[in-house]
Amino acid sequence: MLFDDVAATSAAVAAASGRGAKTDAIADLFRRADPADAAIAATFLVGDPRQGRTGVGWATLRDAPAGSAAAPSLAVGDVDESLSRLASTSGPGSQAARRAVVADLFARATAREGDFLRRLLMAEMRHGALDAVVLDAAARAADVPVAAVRRAAMLTGDLGRTVAITLGAGSTGLAAVGLEVGRPVMPMLASPATDVADALGTGPAPAAVEAKLDGVRIQLHRRGDDVAVFTRNLNDVTARLPEVVALARSLPVDVFVLDGELVGISAADAPQAFQDTMSRFGRDDAASSPTVLRPHFFDVLHAGGDDLVDEPLAMRRDVLAEVASHYVVDGTVTADPAAAARFLDATVAAGNEGVVIKALASTYAAGRRGESWRKVKPVHTLDLVVLAAEWGHGRRTGFLSNLHLGARDPTGGPPVMVGKTFKGLTDAMLASQTEALLAREAGRDGIVVFVRPELVVEVAVDGVQTSTRYPGGVALRFARVRRYRDDKPAAAADTLDAVRALGAGTVRRSG
DNA sequence: ACCTCATGCCCC
DNA sequence: ATTCCGA
DNA sequence: TCGGAATGGGCATGAGGT
């Protein structure tokens, strides 16, 4: 199959307005491809090729020429090979070698292929179709129920393989796919709730209320001495976590799949700040960090030969207590919002992020962000000064979008930048802020428009973290705009000290 | 030897 | 990660 | 209700440059 077939499909997907039409365009491609090519094409269409890390980014592509070939000649397999070469290039001179591979690809590409190639290497397809649409298209092409395809994708964690199975073996092949110890499953996700009452819902049934730890999600697999650890994105991080491997081998059950969170702990057994956990977790050499990582499990997908994903949470929790009793996340079971709120306050005071509230009757819905798991975190608000804004892309083209936010200097100096945000802005706010900001323009640099520091926005944040990027030494975490404070002058904005105070909770960074 | 920049199926 | 919007 | 897009800060690493 020609690479241009995939590029043409992407263009058709981008041009199609509805999801049904996008699905049809991809299904048409799949019908024309053999399963192996379709598997590669599927990973290209979602911008996630099998080679993973290519070492090519914005700076490498900046100087790459546009596609200039007159007619398509690249095969899907040619691009696949080039990606493999990029991924395996390292050492001195590798930057130049990568540029050469990229230049060769673009030289052989037409303009349409070059455009697609650029988006593929940047992992930014922006044609309105990713995993869900591609799986839907595979189901349509093979004329099998989409639910069966999705189930296989969640259990294999592998889009390309799932497409190949769907096209090559149909319903029979999909039905044969099951949970496999040692192969990661897409983790179940929680949807946000405004407070514990919202999370508990209207029903009288008690729910599990568990501490939400501010660390790294892990999935731990064991079969005898074979142990593997995967992240939320199904990356294999086993080699980085020797202590977790040892812990897995020490547990009283031989075969299992556990779901949990990994957090650095201080000498006093208190959870460390996320940044300290990452400092240790991100490291190749575990011994070079003083931080000790400790897993806290909250679910079990398989134990002793039994698959548990279709069992109710109440039963899975009982099994978990047997498999990993000393490493089960802190929690309680209640239907009472007041009791849940008390647990939330206590766990936050202990240095945790919030709570996750789970229906006891729910099964493990791999890869889903459903209503069975709801997360609640404390929210803080700040009134900050808009210092600048950046021109947006995509559907935000033509609007000033990403705001630079400053806190007031209590000594009277100019506001101190503490972060940016583009979240929380409706189309109407985007339009009105573009007008209001341009009226206060004070200069430009690239896509940044600087403004006189007069406008104040109310910003919601989950907290602040230490920063080396910003002059105040702090940065906002997950900032989003709530509203413009037209009633407030910049002189009444919150101070840098007020921002720093949000980081002075129970969790401290280690020195 | 040290600094800067770019990169990441990065983590959140 | 959070949020808004189209389907 | 779901899926996609638009973008945030910080971390270690490794290449390249001084």
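In this predicted model, an N or O atom in the side chain of Arg-480 sits 2.8 Å from a phosphate oxygen of DNA strand C. I call this a polar contact, a pair of N or O atoms within 3.5 Å; within protein, one must be able to donate a hydrogen and the other to accept it, and residues adjacent in sequence count only if both atoms are side-chain atoms.

Lys-375 also places a side-chain N or O atom 3.2 Å from a phosphate oxygen of DNA strand C. Asp-427 uses a polar backbone atom, 3.0 Å from a phosphate oxygen of that strand.

Around DNA strand C there are 13 residues, and the closest include Arg-232, Lys-377 and Lys-423; near means that a heavy atom of the residue lies within 4 Å. Of the strand's atoms within 4 Å of the protein, 93% belong to sugar and phosphate.

I turn now to Arg-294, which lies in strand E6, residues 292–303; strands are DSSP runs of at least two residues, numbered from the N terminus. Is Arg-294 buried or exposed? Arg-294 is partly exposed because its relative accessibility is 23%, between the cut-offs of under 20% for buried and over 50% for exposed (1.4 Å probe, protein chains only). A polar atom of the Arg-294 side chain lies 3.5 Å from the backbone oxygen of His-326.

On conventions, residues are numbered from 1 along each chain as its sequence is written, and chains are lettered from A in the order in which they are written. Local features need pLDDT of at least 70, side-chain atom pairs count only at pLDDT 80 or more, and side-chain values use heavy atoms, without hydrogens and water.

Methods: Helix = DSSP H or I, 4+ residues; strand = E, 2+ residues; numbered from the N terminus.
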